[in-house]
Amino acid sequence: MTRQVVSFHYILRDEGGQVLDSSSQDQPITYLEGSGAIIDGLEMALKSFSPGQKRVVSVAPEKAYGLHDPQQIRTIDRKQLPVAEVNIGDMFQTGPDRHAPVVRVVAIEGDKVKLDANHPLAGQRLIFEVEITEKRTATPEEIDHGHVHGPGGHHHH
Ligand SMILES: [Zn+2]
């Protein structure tokens, strides 16, 4: 089965219309189909789009960053955190590994701090305004490596 390399520009908004993220003007996002580089719901929708098309894609939380899981919220003593001052919205990594889960401070009550390990976009419907700039067939080497080569992708030295 052939796989495509897809390049696109996007503006991501939440349901209230607030802009959360976007591609940069001069550099579209480029991904290899099936490599898990972008969220499932968006990849599925982009399969049927042609270059030059501009569309709006609405992705349910289940196909984006998952539902918000209340089990992922826990309360700890403020002094367990490695910093003197704590503010709502602060993020902490839960281990020395750079892939360790990240938790976000969502509430501070006296000596207690409430931490949420859900992705910040968990539970949210995401509205993408998308324009496909290019689609091409992936090379066997790209499929082998699991990523895109060339502009917008990996450069091996
Ligand atoms: Zn490679």
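## A zinc site, two pockets and two domains

Histidine 145 counts as partly exposed because its relative accessibility is 34%, which falls between buried (under 20% relative accessible area) and exposed (over 50%), with a 1.4 Å probe run over protein chains only. Keep in mind that this is a predicted model, so local features need pLDDT of at least 70 and side-chain atom pairs count only at pLDDT 80 or more, while totals for chains, interfaces and linings use all residues. Residues are numbered from 1 along each chain as its sequence is written, and side-chain values use heavy atoms, with hydrogens and water left out.

**The zinc site**

His145 turns up again at the zinc ion, where its ND1 atom is one of the protein donors. The others are NE2 atoms, from His147, His149 and His156, and the donors sit 1.9 to 2.1 Å from the metal. A donor here is an N, O or S atom within 2.8 Å of the metal (3.2 Å for Na, K and Ca); with water absent from the atoms, sites may look incomplete. Read along the chain, the zinc donors give the spacing H-x1-H-x1-H-x6-H. What geometry does the site of the zinc ion have? It is tetrahedral, with angles of 100 to 121° among the four donor atoms; the label asks for all angles between 85 and 135 degrees. For reference, the ideal angle for four tetrahedral donors is 109.5 degrees.

**The pockets**

Now for the pockets, meaning open sets of points on a 1 Å grid where a 1.4 Å probe fits, with protein on both sides within 12 Å along at least five of seven lines; lining residues have an atom within 4 Å of a point. The largest pocket holds about 220 Å³ of space. Its lining runs to 13 residues, with Tyr10, Leu12, Asp21, Tyr65 and Phe128 nearest the centre. By class, that lining is twelve nonpolar residues, no polar ones and one charged. Strands β1 (4-13) and β2 (19-22) each put in at least two residues, and β1 gives the most, with three.

The second largest pocket comes in at about 170 Å³. Its lining is made up of His9, Tyr10, Ile11, Ser22, Ser23, Gln25, Lys54, Glu129, Val130 and Glu131. Two or more of these residues come from each of β1 and β9 (126-137). The class split reads three nonpolar, four polar and three charged. Tyr10 is on the lining of the largest pocket and also on that of the second largest.

**Domains and three residues**

The chain splits into domain 1 (4-65 + 122-145) and domain 2 (70-116), with bounds from an automatic or database domain assignment. Taken over C-alpha atoms, the two domain centres are 31 Å apart.

Three residues are set out below, each with a partner; distances run C-alpha to C-alpha. Helices (H or I, at least four residues) and strands (E, at least two) are DSSP runs numbered from the N terminus.

| Residue | Element | Relative accessibility | Partner | Gap in sequence | C-alpha distance |
|---|---|---|---|---|---|
| Glycine 41 | helix α1 (40-46) | 13%, buried | lysine 63 | 22 residues | 4.7 Å |
| Phenylalanine 49 | loop between α1 and β4 (54-59) | 6%, buried | glutamate 85 | 36 residues | 48 Å |
| Threonine 30 | strand β3 (29-32) | 15%, buried | valine 148 | 118 residues | 7.3 Å |

So how far is threonine 30 from valine 148 in space, and what is the gap in sequence? Their C-alpha atoms are 7.3 Å apart, across 118 residues of sequence. Phenylalanine 49 and glutamate 85, by contrast, are 36 residues apart along the chain with 48 Å between their C-alpha atoms.

How values were computed:
Four donors count as tetrahedral if all angles lie between 85 and 135 degrees; four count as square planar and six as octahedral if opposite donors are over 155 degrees apart and all others between 65 and 115; anything else is irregular. Grid points are joined across faces, edges and corners, and a volume is the space filled by probe spheres set on the points. Ala, Val, Leu, Ile, Met, Phe, Trp, Tyr, Cys and Pro count as nonpolar, Asp, Glu, Lys and Arg as charged, and the others, Gly among them, as polar.
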